[in-house]
Amino acid sequence: MSALAISVQGLTKRYGDKTVVDAVSMDVSEGEIMGFLGPNGSGKTTTIRLMCGLLEPDAGEGRVLGHDIRRDRGAIKRNVGYMTQRFSFYEDLTIAENLNFVAGVYGMEQPRQAVRDTLEDLGLISRKDQLAGSLSGGWKQRLALAACVMHRPKLLILDEPTAGVDPKARRDFWDEIHRLAVDGLTVLVSTHYMDEAERCHRISYISYGRLVAQGTTEQVVRDAGLTTLVLSGEHINDAAEALRDAPGVEQIAPFGASLHVVGRHKQTLMTSVNRVAQSTGVTVTPTETSLEDVFIQLMGQSKDNML
Ligand SMILES: Nc1ncnc2c1ncn2[C@@H]1O[C@H](COP(=O)(O)OP(=O)(O)O)[C@@H](O)[C@H]1O
Ligand SMILES: [Mg+2]
């Protein structure tokens, strides 16, 4: 069994009478890329800040890079690379100047060498004299990544690093993340994007502060135990209408010119769908449940738990 870069149990954080992180446990092995998913406001950033030593939990315990998350918060802060949701740097400084500044903040022993190595590692040499403010979204993000790996952390925690970045830059960014992980870096990365979830070794899905699914994407899909049927044909709108409150139907979502109908109880779902198919003339085809189907389901279920 490999060593754990993150091992936390029962992490809980309350603001007033609202529990925004509710007994979250997570183990992340060294060299693993763990995706952290969940809707807006579900507690991802707060959990991340508990793990980075920036916030103290109301309950729970654990270790990050071997340091106790309550007692050794300083050591965690120094040893983790943390890219915040809205990273920033000095727009009127060049890439190299920004990195020099960061090297100073970390009190690095050989700042010039560290800056040079980082520029080289992340392919920033040719742009080192360009003003940060003039960079495209993708290059800004690369600079932000450079700034948080310069002190050679063993654990990188990225909070929605690709929000608002174009698809090509997102792909390059993920190639970079995988390259870093091959070199032994552990990565915890929060994201909204389904395709990014699929590039993680494992994912954790959080909803209303609670971890509701964890595993490889295949495991998460399997554990959800859903049946997904695709409806197509001229009258899918009528079919959708007829299925709205039908037994066994838990989700109805348009996908292009077809309709995905999802439920946990296969027989009940099939009975409802077949009945509506007969009356509307739509065609029914079973399909594999997608990660997106599962996330929509998880979101709906945990909302019910809150009521
Ligand atoms: N400092 C704070 N004081 C009060 N409520 C907060 C604070 N920080 C976050 N929250 C609330 O906690 C919930 C989770 O927020 P957050 O962790 O930022 O979620 P996410 O990153 O998944 O969008 C939200 O409802 C948010 O409004
Ligand atoms: Mg957030």
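This passage describes one buried strand residue and a set of salt bridges in a predicted model.

Val 80 belongs to strand 6, which covers residues 80-83. Its relative accessible area is 4%. The cut-off for a buried residue is under 20%, so Val 80 counts as buried. Several residues from elsewhere in the sequence touch Val 80. Leaving aside residues up to four places away, the contacts are Cys 52, Val 64, Leu 65, Tyr 106, His 151, Pro 153, Leu 155 and Ile 157. Cys 52 lies 28 residues from Val 80 along the chain. The C-alpha atoms of these two residues are nevertheless separated by 6.8 Å.

Charged side chains were examined next. The whole structure contains 15 salt bridges. One of them pairs Lys 140 with Glu 91, and the closest N and O atoms are 3.7 Å apart. This pair links distant parts of the chain, with the two positions 49 residues apart in numbering. Lys 140 sits in helix 5, residues 137-149. Glu 91 sits in the loop between strand 6 and helix 3. Strand 6 is also the strand that holds Val 80. Glu 91 has a relative accessible area of 44%. That value falls between the limits of 20% and 50%, so Glu 91 is partly exposed.

Helix 6, residues 167-182, holds both partners of another salt bridge, Asp 172 and Lys 168. Their closest N and O atoms are 2.8 Å apart. The two residues are 4 places apart in sequence, about one turn of the helix. Their accessibility was also computed. Asp 172 is partly exposed, at 25% relative accessible area. Lys 168 reaches 53%. Exposed means over 50%, so Lys 168 counts as exposed.

A further salt bridge joins the side chains of Arg 170 and Glu 196, at 3.0 Å from N to O. Here the link runs between distant parts of the chain, from Arg 170 in helix 6 to Glu 196 in helix 7, residues 194-197. The partners are 26 residues apart. Both ends of this bridge lie under the 20% limit for burial. Arg 170 counts as buried because its relative accessibility is 12%. Glu 196 counts as buried because its relative accessibility is 2%. Salt bridges also form a network: shared partners join Arg 142, Glu 176 and Arg 179 into one group.

Notes: Residues are numbered from 1 along each chain as its sequence is written. Chains are lettered from A and ligands numbered from 1 in the order in which they are written. This is a predicted model: local features need pLDDT of at least 70, side-chain atom pairs count only at pLDDT 80 or more; totals for chains, interfaces and linings use all residues. Side-chain values use heavy atoms; hydrogens and water are left out. Buried means under 20% relative accessible area, exposed over 50%, partly exposed in between (1.4 Å probe, protein chains only). Contact means heavy atoms within 4.5 Å. A salt bridge is a side-chain nitrogen of Lys or Arg within 4 Å of a carboxyl oxygen of Asp or Glu.
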